[in-house]
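Please examine the model below with two topics in mind: an enclosed cavity and its lining, and then a strand and its partner.

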Amino acid sequence: MTGPQDFIQQEEDFLLEKLVMTTKASGLIDWLKRWGQSNSLWTLPFGSSCCALEFILLGASQKKLDDMGCDIVRHSPERSDLMIIAGTITEKQAPILKSVYDKMLSPKWVLAMGSCASSGGLYRTYSVVQGASREVPVDVYIPGCPPTSDAVIEGLKLIKERILKGAKKTPVIKKKPPLNL
Amino acid sequence: MANEFFQKLKNYFGNQFSELRPHELVVKSSLESLSDHLKFLKNDCQFVLLLDICGVDNKERDFSKRFEVNYHFLNLEKHLRIRVKVFLDETERLPSVVSLWKGAEWFERELWDMFGVSFEDGPRERLLNHHEFQGHPLRKDFDIENRQKLSTPVNLAPESYKKLKGPPPESYWLNIGPSHPITKGSLRIMVELEGEKIKDALLEVGYLHRGFEKLCEGLKYNQIIPHTDRLNYCSAALNNIGWCKAIEDLMDLEIPERAKALRMVFGELSRVVDHFISIGSMAEDLGAPTGLWFFLEQREKICRLFEKYCGARVSLSLTRIGGMSQDLPIGWANECLNVVKSLKKSLEDVSKMFSQLPWWMDKTRVCAITAKDALAWGFTGPCLRACGINYDLRKVNPYYFYDDVEFEIPLGSNGDVYDRYLVRSEEIKQSLKIVTQVLDYLPPGPHIVEDERIALPEKSLVHKRGEAFNQHNDLIKYGVRPPVGEIYSATEGANGELGFYVQSIGEETPYRVKVRPPCFPIFQAYPEVVKGSSLSDAYATLTSMNIIPGELDR
């Protein structure tokens, strides 16, 4: 068991640095809040295709998600902080993705896993949304079709870093109207 | 016998009947006589299984009528496939065949959705595209980038239920999916529950419709291989093999013996992986997640083998037209044999544990389907064999070296979840047996056909010889060009008969590609199968049928 005493001992230098850097107590508390959030990410996998399968495998047989602090996979949006979009988002699926995102309580983060969720990937067709960022704000993109387990872990690390730094969200890309030539 | 049968068909159809290839017959029918012809084929010639209904838009060719509809039927006894061709205009209406084959319903809805072919008995709903979609995507004049937003998702519950006021009624509707842990992808099921019991179920598909068929019309034959990976993403190699075999059959190309053997090895390993995922997720959904973890760990061993061969774990793309992408790395065969050995050992433990566990049997002796119904819906593969029908393409029409290896076809008798589980777990053992036999007698020789029009020359030669350089350039630029013609080629996929129907007009891209996904007819029967059972049985049924959305929606 680690109490606050141990924690302060472990992170003493870092905390000291923070204390020096901040002029108000609220700054430190804010940093502590972000630190807590980044270390207990509850994930919601929004899986639709091949990447969903790879995400299950990642947790089941390859890597320890516990180390990242996001081993708790919740299938209910109200209870999760991080949505992992794994797979192709079609036009038919898009309103559902949006409603699931809206149900999540803020603060919330989104990870686009695989090239389909990032940009539409191989499928530049009439039925596929060209990237999940057209529907919901995405924080981190993971390339690959499907991405390797190392890439997903790297993505999770990146998102933790972003949370710790308090990075701002990327806005939703508005779809441009088609050109009439 | 076969001659008599052919004579009967010839007498009835006259000169409209022809034999395109062995086991592939073609009949040209007309709109007026279509119903009679199909009735004759079903009742007198035992073409009991509807494989596929495929539309073609002939706008870019000078045909007198715009649309062409191809019906594919299978005679299980004689192992014959027949294609009935009908031509019709935009204004003409097609007679429905749902009364003859139950499984035709979704195929007809797809035909309306994709081509706008209308039917005599009223309009159809869209199947793969959403209900606000305008236009018909597979028509040649439809722009591939014409994306249309959906404002409100469809509510599947009946109108009377939505307007209900006051105290809740005895039965209620429960929505499952499209993003739900049970679906392993995006399927949507709506069940009407009365207590625990399912009274009715409704399905909606198309949440993973990615436009594979439209995309193929703009791609070269070799470029389509990576796209076939993502059809059934659990067993990518089997899709690769199915696609390449279709094109090779169209070109009358004989691939080297080593390529055939390698395709068998990778195909069977893929089948094992697919069955692992199916059984594993079945165990998880029934409340034994350790089963899933066990099977995924076993799967990991095979994935590592794939990674060693082609660098990918899931989307393999390991075949090329004319053979394989590369030869085996040194030491691969030995490693594979070791893996097979360890898999056999661990599988014995698990099958002992599951197959005779009373709890497992209690939970899985549910949701049976009779052989007659299964045929009417168009079941193939393990789900059909679980009903007791011995039909496996590897035995009936042995392609590659399947007639030289020893293996058995496991059969069920009740057609319930337990039998589907048993058939799959037994098939894993048989597949591993095939892998061992093939690797023991792996034929030497090239891994791809040595033909400059089909296969790329060796890379070391490309920079040295001008001839090889030109060949390389030409093949990359123009690709493989099969002759003018059409083919329906089928292989035994992990879920059943995986068919590719290809029309070529002698250009570098195909004119029309249609996949016959094995899941499609199977999922259609789902509401009928789960009626009267409980919700947890419905979950078990869904995973035992192994519905893969990528393949279902294409």
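In this predicted model, 17 residues line the second largest cavity, and those nearest its centre are A:Cys50, A:Cys51, A:Cys116, A:Cys145 and B:Arg210. Two elements, both of chain A, give two or more residues to this lining: α4 (50-62) and α6 (115-119). Of the elements, α6(A) gives the most, with three residues. By residue class, the lining of the second largest cavity comprises nine nonpolar, six polar and two charged residues. The volume of this cavity is about 80 Å³. A search of the whole structure places it among 13 cavities of 30 Å³ or more. In general terms, such empty space is revealed by rolling a probe the size of a water molecule over the atoms.

The second topic is a strand of chain A. Strand β1, residues 43-47 of chain A, is mostly covered, five of its five residues being buried, where buried denotes a relative accessible area under 20%. Which residues point to each side of β1(A)? A:Thr43, A:Pro45 and A:Gly47 point one way, while A:Leu44 and A:Phe46 point the other way; all are buried. The residues on both sides of β1(A) are thus described by one term, buried.

The pairing of this strand completes the picture. β1(A) pairs with strand β2 of chain A, residues 82-86, in the parallel sense and over five bridges. Within this pair, the residue of β2(A) that stands opposite A:Thr43 is A:Leu82. A:Thr43 is accordingly a buried residue of β1(A) that faces a named partner in β2(A), A:Leu82.

Methods
Residues are numbered from 1 along each chain as its sequence is written. Chains are lettered from A and ligands numbered from 1 in the order in which they are written. This is a predicted model: local features need pLDDT of at least 70, side-chain atom pairs count only at pLDDT 80 or more; totals for chains, interfaces and linings use all residues. Side-chain values use heavy atoms; hydrogens and water are left out. Buried means under 20% relative accessible area, exposed over 50%, partly exposed in between (1.4 Å probe, protein chains only). Helices (H or I, at least four residues) and strands (E, at least two) are DSSP runs, numbered from the N terminus. Two strands pair if DSSP finds at least two bridges between them. On a 1 Å grid over the protein atoms alone, a cavity is a set of points where a 1.4 Å probe fits but cannot get out, and a pocket is an open set with protein on both sides within 12 Å along at least five of seven lines; lining residues have an atom within 4 Å of a point. Grid points are joined across faces, edges and corners, and a volume is the space filled by probe spheres set on the points. Ala, Val, Leu, Ile, Met, Phe, Trp, Tyr, Cys and Pro count as nonpolar, Asp, Glu, Lys and Arg as charged, and the others, Gly among them, as polar.
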